[in-house]
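Work through the exercises below with the structure open beside the text. Each task is followed by a solution in steps.

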Amino acid sequence: MLRSTEDEAARSDGTQAVCDPVTVEIIRGAIRAVQAEMEALLERTAISAFIREKKDFYTGLFDADGIMAVGSNIPVFGDMTGPIIREFPLETMREGDLYWYNDCYGSRGAVSHSNDQVLLAPVFHQGRRCAFVMCWAHFSDIGGIRAGSISPDATDIFQEGIIVPPTKLIDAGSTNEAALAIFHRNSRFPAQSLGDMRALMAANALGVRRVQEIVARFGADKVADALRQLLARTRDLVRTKLAETFTYGTHRFTDAIDSDGHGHGPFKIRFALTREKAGHEDRFIFDASATDDQSVGPVNFLMNPGIPGMALGLYYLGGDPTQVCNAGGPQALDEVRLREGSLLWPRFPAALGMRGLTMMRVLAGLNGLINVAGGGAPAAHSAYVITLMRGTFRDAAGRQQPFLLSDGIGVGYGARPTADGIDAVYFVAQENYPVEFLEVGYPVRLKRYGIVQDSGGAGRYRGGCGIVREYEILAEEAILAVRIDSVDNPPWGMAGGMSGGSGAVRLNPGCKDERRVAPLSDGTRLKRGDVLRIETGGGGGHGHPFDRPAEAVLEDVRGGFVSLDAARRLYGVAICGETVDETTTTVLRSDRPLTRAFHRKEYVDALT
Amino acid sequence: MPSPRSALAVAVDIGGTFTDVALHDTASGEVWRAKTPSIPSDPSKAFMTGVRLALEQADRKAETLDRVLHGTTVATNMILEGKGARAALVTTSGFRHVLAIGRQDIPRRANLYAWIKPARPVPASRVFEIEERVGAGGNILVPLDEASVIRAAEACRALEVEAVAVCLLHSFANPVNERRTAEMLRDLLPGVAVTASVDVLPVVREYERSLATVLNAVVMPGISSYVGRLERRLVDEAVKAPLLLMQSNGGVAGSATICRAPALTALSGPAAGVVGARDVAAACGIKDIITVDIGGTSADICLIKDGRISLTQQGHVGEWPLPLPMVDMVTIGAGGGSIARVENGMLAVGPQSAGAVPGPAAYGHGGKVATVTDAHVVLGNLPARLLGGRMMLDADAARAVIRDEVAGPMGLTLAQAARGILSILDNHMVGALRVVSVERGHDPRDFVLVPFGGAGPLHGCSLAELLGVRTVMVPPAPGVLCADGLLVADLKAEFSRTLPLAGTIDLDVARAIYRELREMAEQWMDEEQVPPDQRERHQVALLRYHGQGSEIAIPWAGSREEVEAAFAAAHQTLYGFVLDAPIELVTLRVEAIGHMPQPARPVLAPGQGAKAVETHAIHLSDEPATVPMYDRKTLGAGDRFDGPAIVTQLDATTLVKPGWRVTVQPNGALLLTLSDEV
């Protein structure tokens, strides 16, 4: 169970509120500023494109006991400090310590694939431990079966790079250089590994210094109380909203991923949320134990029990900038039930590298759970797509050089009850590699980078569209891995909205040697001159497509988001030249198709 | 360029509510000021009204003006309000959706469930592809198919666009195709404003460059007609002097430069004030300052070290990144109009603002929300009348909103609630002050704080105390410092070149590029008629460690070793570490400065000892206290008094907190120093 919940209960009798609301707000602003400064330092100094261009890094601040008080706006944080505290009891920690891990199983899913390096440091003021500062970042290569360390081919975690158990990297100011040397020696790109680690350590040190200044300014008791209030505020808000959405009883939703890349699938993810009375209080129980068994391929998502609450919390916080995403989300749930041996709690040493697609499907499933209970969460999104190319190219001097390109490609997000889904985004804070950056740094040339027409699920509010990215290979040779999901089970639409488009990967499209590449696969050989076209999926629609204003459909057609054919067939809008044919549209729309609660390739009452 | 003997300069700063004019006899140092309501529908009207008013006061004729300086937010507002020209974008085949995709991220501070991707300034339906392709490093892979340009021009004509942006892939490395395309479009589309990306922002990353080009195109017709209208009005009034406009980089440029690249003014709003603050500080012998310009809706914060204003390319206009050189400052949504509200038991202040209308409740225009200004009124920090008696404050209305919106819901007294609002605002600004100081490797305690803008001097002491700063300087006319800044601004422009491929410093290549950039700079200064002895150039290199994605600007020292050593030192200062990795040269830049004749500074007559004009009740702590109120007009050089006190003047009010001593400077500035006893 959640350590955070237990600790909260244990402490709730003690401390008095000493921090007034104004000071809480000031401390919250100061912590946000610390985060921004840490992030800016990382972004400006990191060496690998994965961190500094794609920006796959996050920061957080925890209270003196390690409970997350201010996180980032992503629902992928679990209990980050617990793994460290179990190995290194709080009372043994000293000023100048820095802790490190990437051990998924050793951290019970706090980190969920080995590429993510977590650095955590306690903050001391006048000898008293006041907080923890964390930053983590995805390292582009930490050894393993293939360059990039994550591969659809992996079948156990040892193939996914070096595992760092919770480790004291700096002991009261003295760095364990040997541990670093061993780690960097395991990377195929040690200069990137070294540079990124220096940037991460500098960012963490900066965070520690800044939080020390905050504590010195306001006093340790006030800061502790402010953090406690921030937690309580989020928890109370999330519980209130949960009660508004979920009536007493059990609500269920099922979503699915297509495959594990090793011939198995689909895998069903089954969620149930039960609200029951327990004395004067309600109990909220989240249960994912009916989820299918773990996979052979690396799509297992070792889900920290904090994740569902963090995601629900983030949804309920909405866009309110005064609210803080923190452990208050997980604390709002009274119990999280998972089943060992399932896709969401695999047994060691199952492979985890490609857990991203399952994680994204978990988020869509949580949206579904809210929606079946009558809430207003978005329709389903596609899972962001990643490709890895590893091979060799000739540099300007004609020498063969190794390269690794991990290119993340955006997808469409689900439409909302009052707004279209987001077109062409990857995830929170993660950016693309600009074409001009990509072509200068890697042996590829892009032929196309655009929107996939008709990939957004039709609806009153259209699902977001996916992206097409077409590469010409300039490398001598390369091995390609791709990860696309939601091909067989596209992102569902709801309330009349239709499912989003599926992704696809084609090699040499339009040529006689054209072929499809399996959506979750590794080992495809690319040679110089090949053309690789990747199309990513879209998000589900929301509401009946016939209710979408014809002008909005016209603008989508003119912008290349919707085809003329789909406008007519799915939206009932006839377009002639640059204008809407009103008469025909009225006729078309008079024959209104019946809809049902959800749509995945067809309308259904429930997804099972 | 006016002669060094120039005698009369006029500066016009157009704000959201008022247009401020400063007329300056540059020989005698005399200044006349005028204030007139802004006319958003035609700002040039208020411009001329203000100039006429100032000339009448001074009893001078328009034809004797020999410098007309102007700061305008016309471009900024067009972008923020989405009211620019109907524009199209022409781009490389296959890349029509670069703008629509952006950087494919949901912003780090946004919530993925609630975020809506902002509508682009040019929708995908007005983006046209042409056949051509330049490769990485600048080699032409597909020559320009001129027939495709003609087709794009036809499509633009059919959609009746008023402006076209051209941004082709890798044009920063080889602009041939892009320039030819722009040239053809100018011929094919007479009367349509055409912008090529290399003329706006010749740097890598297609989304940001496309966006800058599009924003430039969107504001181009509006700025051209605005500048044209201004010039005609000036000619009608028999003004012979050239019109110079403020740019985002803190310098001015002639109207020809601005009409070519109007986006250069998009971040210029706060720049003139910074230049003015530097000048006032310099007159007091102070070179290291942090400026805080607090207006109605926002606060702009800037650090100046050794009198040098540094530039950044990380600016934003609203949602859009605009990486053009701008004064390195931080803008936050915190000002007199910032709204205080209670949500879930928590008090939040800003970034929403009550704006000019209805504005704070105390202004009596029907404002119903609690604002920062209302908090000041409740505490007595503002006198009952503002603007020399032209505006009365409604203290009852202020008390009512603070009570209903904040004190009541939170269970606080009126004074506690008001102090809480100010405290949150001050801390919000301290965050931004730390960004420009601590985060850039400077200790704020080594700097003098210069608060200005209508609301700045109310917050100077509090901000200084929070930062540990012991000296605060309040300029003579803090509310209209932007107009003063225009009068002392230099002509400025930057010429930069990004290398097609970044690499270790090659001295020969670098020298050759600097030579070309210097020639471009000279040509520009010829065009602006800068006398040879008034020209200044700085050569700057932007460097990074191999693999990094952002650069540090280092003065070009001429030898690789020196430049690399300076880079490593800067990296250590900024980020706390250095790497044993190759250092790459990314961009070379020449900053050109044409010095303008510096006007004589007004000198304040020696004081006869400061005398309070009346007393005033303020709430510094829970108990109200009666403090002296001084009128700035009655103060002379050398006058001294101690806080707590209030200093009033036409354009601003200064709050002197207990423990601070005020000394009036010969140039009229107030120097506030913290006594050691406190």
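**Exercise 1. A sheet in chain A**

Find the residue of β11(A) that stands opposite Phe286(A), then place the two strands in their sheet.

Step 1. The residue facing Phe286(A) is Val336(A) in β11(A). This is a predicted model.

Step 2. Strand β10(A), residues 281-287, and β11(A) are paired in the parallel sense, with three bridges.

Step 3. The open sheet has four strands in the order β8-β9-β10-β11 of chain A, and its pairing is mixed.

Step 4. β8 (249-257) and β11 (335-337) of chain A are the edge strands; each has a single partner strand, so one side of each is left without a neighbour in the sheet.

Step 5. From one strand to the next, the twist averages 15°.

Step 6. Helix α10 of chain A, residues 355-372, packs on the sheet and touches β8 and β9 (267-278) of chain A. The direction of α10(A) makes about 145° with that of β8(A).

**Exercise 2. A hairpin in chain B**

Describe how β29(B) and β30(B) are joined, and state which residues of β30(B) lie on its covered face.

Step 1. Strand β29(B), residues 535-545, runs antiparallel to β30(B), and four bridges join them.

Step 2. The two strands, β29(B) and β30(B), form a hairpin with six residues between them. In the turn, Gly547(B) has a positive phi of about 105°.

Step 3. Val540(B) is the residue opposite Pro555(B) in β30(B).

Step 4. In a regular strand, side chains alternate between the two faces of the sheet. In β30(B), residues 552-555, the covered face holds Ile552(B) and Ile554(B), while Ala553(B) and Pro555(B) are on the uncovered one.

**Exercise 3. Where chain B touches chain A**

Which element gives the largest share of the side of chain B that touches chain A?

Step 1. The contact involves 58 residues of chain B and 65 residues of chain A.

Step 2. Elements of chain B that each supply at least two residues to this side are α3 (98-101), α6 (206-236), β22 (346-353) and α11 (414-436).

Step 3. The largest share, seven residues, is from α11(B).

Step 4. By class, this side of chain B has 28 nonpolar, 19 polar and 11 charged residues.

**Exercise 4. Two domains of chain B**

How many residues do domain 2 and domain 4 of chain B each bring to their contact?

Step 1. In the domain assignment, domain 2 of chain B covers 79-224 and domain 4 covers 491-594.

Step 2. Their centres, taken over C-alpha atoms, are separated by 28 Å.

Step 3. Domain 2 of chain B brings seven residues to the contact and domain 4 of chain B brings five.

Step 4. The domain 2 side comprises five nonpolar, two polar and no charged residues.

Key: Residues numbered from 1 in each chain as written. Chains lettered and ligands numbered in written order. Predicted model: local features only at pLDDT ≥ 70, side-chain atom pairs only at ≥ 80, totals over all residues. Buried ≥ 20, exposed ≤ 12 C-beta atoms within 10 Å, placed from the backbone. Pairing = 2+ DSSP bridges. Nonpolar A, V, L, I, M, F, W, Y, C, P; charged D, E, K, R; others polar. Axes fitted to C-alpha atoms, helices over the stretch in contact; angles between N-to-C directions. Domains from an automatic or database assignment.
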